[in-house]
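Hi,

Here is the structure I promised to pass on. Have a look at it first, and my notes follow underneath.

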Amino acid sequence: MNHPDPAAERDAEPAEAGRLREALAAAAYDVTPSRVPLAAVERRGRMIRRRRRTTVLGAGCAVLLAPLAFVTLHGPDDGGRVTRPAATVSASPTPSASPTVSAPTPRIVDPGERVTAAPGFVLWLTEEGKHWTTPDMPELDQFRSVVDGNIDRGSPGVSMQSESSPTRAYLSGLYYGGEGTASVVEVASKDGPVRGHLLELPGNPGWGVWYAVADTDDLGGITVRDTEGRVYATLP
């Protein structure tokens, strides 16, 4: 019996494989490839790009609308929103009332106590009446009585005595009989009112002495007012 040669079989297999490859190659060369669908490819590409832009824009809008959505979800109609406590408003303190300024009252002096209104112009009171000196006659004790009957202390009244120097007028007088407490005295002048001062003895005697120093002797009426601003006594 004859057996095939193993070496010949190995050489035959490569030969068959080679012929098969050649046949396939020849068949491939005979096939005409179809045209590439360029228009379809371009449409597909544009579609993909639009989808990408839409995706990017959608993501951006989502980022921008997120705070608005938060505000909407937590708006004034949201029953579960957290309400911040209202700012505490401190009440302004009630301004304290301005202190009431008391009206002036006469200076109370002891009997015989001397008051210097200006150099040489000195006054003092006794129970009998008013005493004074002037710069022109400092040694002369001048006097006006309140007990000799020349004045009615039961009725409002005011008097004036005036001594003038080349530059000053020294004014003084009695006031008496008015209601309330005497407070201020004013003497009319061409330069405006001249305000003076009041002296009284202790114990509300019902009379007192006023005095002032003016820069003019062109003088007018005299008015004494009480602590309420009412006329206590006047001399036209």
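To start with, in which loop is the place of Asn204? Asn204 sits in the loop between β11 (197–200) and β12 (207–214). Strands here are DSSP runs of E with at least two residues, helices are runs of H or I with at least four, and both are numbered from the N terminus.

Before going on, the housekeeping. This is a predicted model, in which local features need pLDDT of at least 70 and side-chain atom pairs count only at pLDDT 80 or more, while totals for chains, interfaces and linings use all residues. Residues are numbered from 1 along each chain as its sequence is written, and side-chain values use heavy atoms, with hydrogens and water left out.

**Asn204 and the pocket**

Back to that loop. Asn204 counts as exposed because its relative accessibility is 66% (exposed is over 50% relative accessible area, buried is under 20%, and partly exposed is in between, with a 1.4 Å probe and protein chains only). The backbone of Asn204 is worth a look too: its phi is near 55°, a positive value in a residue other than glycine. Most residues other than glycine have a negative phi.

Asn204 also turns up in the lining of the largest pocket, where Gly180, Thr181, Ala182, Glu200 and Asn204 lie nearest the centre. That lining has 15 residues, which divide into 7 nonpolar, 7 polar and 1 charged. For that split, Ala, Val, Leu, Ile, Met, Phe, Trp, Tyr, Cys and Pro count as nonpolar, Asp, Glu, Lys and Arg as charged, and the others, Gly among them, as polar. The volume of the largest pocket is about 160 Å³.

How a pocket is defined: on a 1 Å grid over the protein atoms alone, it is an open set of points where a 1.4 Å probe fits, with protein on both sides within 12 Å along at least five of seven lines, and lining residues have an atom within 4 Å of a point. Grid points are joined across faces, edges and corners, and the volume is the space filled by probe spheres set on the points.

**The sheet with β2 to β5**

Overall the protein has 2 helices and 14 strands. Four of the strands form an open sheet in the order β2-β3-β4-β5, with antiparallel pairing (two strands pair if DSSP finds at least two bridges between them). Its edge strands, each pairing on one side only, are β2 (115–118) and β5 (137–145). From one strand to the next the twist averages 25°, taken between N-to-C directions on a scale from 0 to 180 degrees, with axes fitted as lines to C-alpha atoms.

In the middle of that order, β3 (residues 121–126) and β4 (residues 129–134) are joined by 5 bridges and make a hairpin with 2 residues between them. Thr126 stands opposite Gly129 of β4. On its other side, β4 runs antiparallel to β5, again over 5 bridges, and Lys130 faces Arg144 in β5. These two strands form a hairpin as well, with 2 residues between them. β4 is mostly covered, with 6 of its 6 residues buried.

Val122 is a good residue to click on in β3. Its bridge partner in β4 is Thr133, and Val122 counts as buried because its relative accessibility is 15%. Neighbours within four places in sequence aside, Val122 is in contact with Arg114, Val115, Thr116, His131, Trp132 and Thr133 (contact means heavy atoms within 4.5 Å). The C-alpha atoms of Val122 and Pro138 are separated by 8.4 Å, with the two positions 16 residues apart along the chain counted as their spacing.

**The sheet with β9 and β13**

Another open sheet of 4 strands has the order β10-β9-β13-β14, also antiparallel. Here the edge strands are β10 (194–195) and β14. β9 (residues 182–189) pairs with β13 (residues 219–226) over 6 bridges, and Glu186 stands opposite Thr223 in β13. On the β14 side, Thr223 stands opposite Thr234, and Val224 has Ala233 as its bridge partner. β13 and β14 form a hairpin with 4 residues between them, and Gly229 in the turn has a positive phi of about 85°.

**Whole chain**

Of the 236 residues in the protein, 26% are buried. Among contacts with a separation of 6 or more, 53% are between residues 24 or more positions apart.

Cheers
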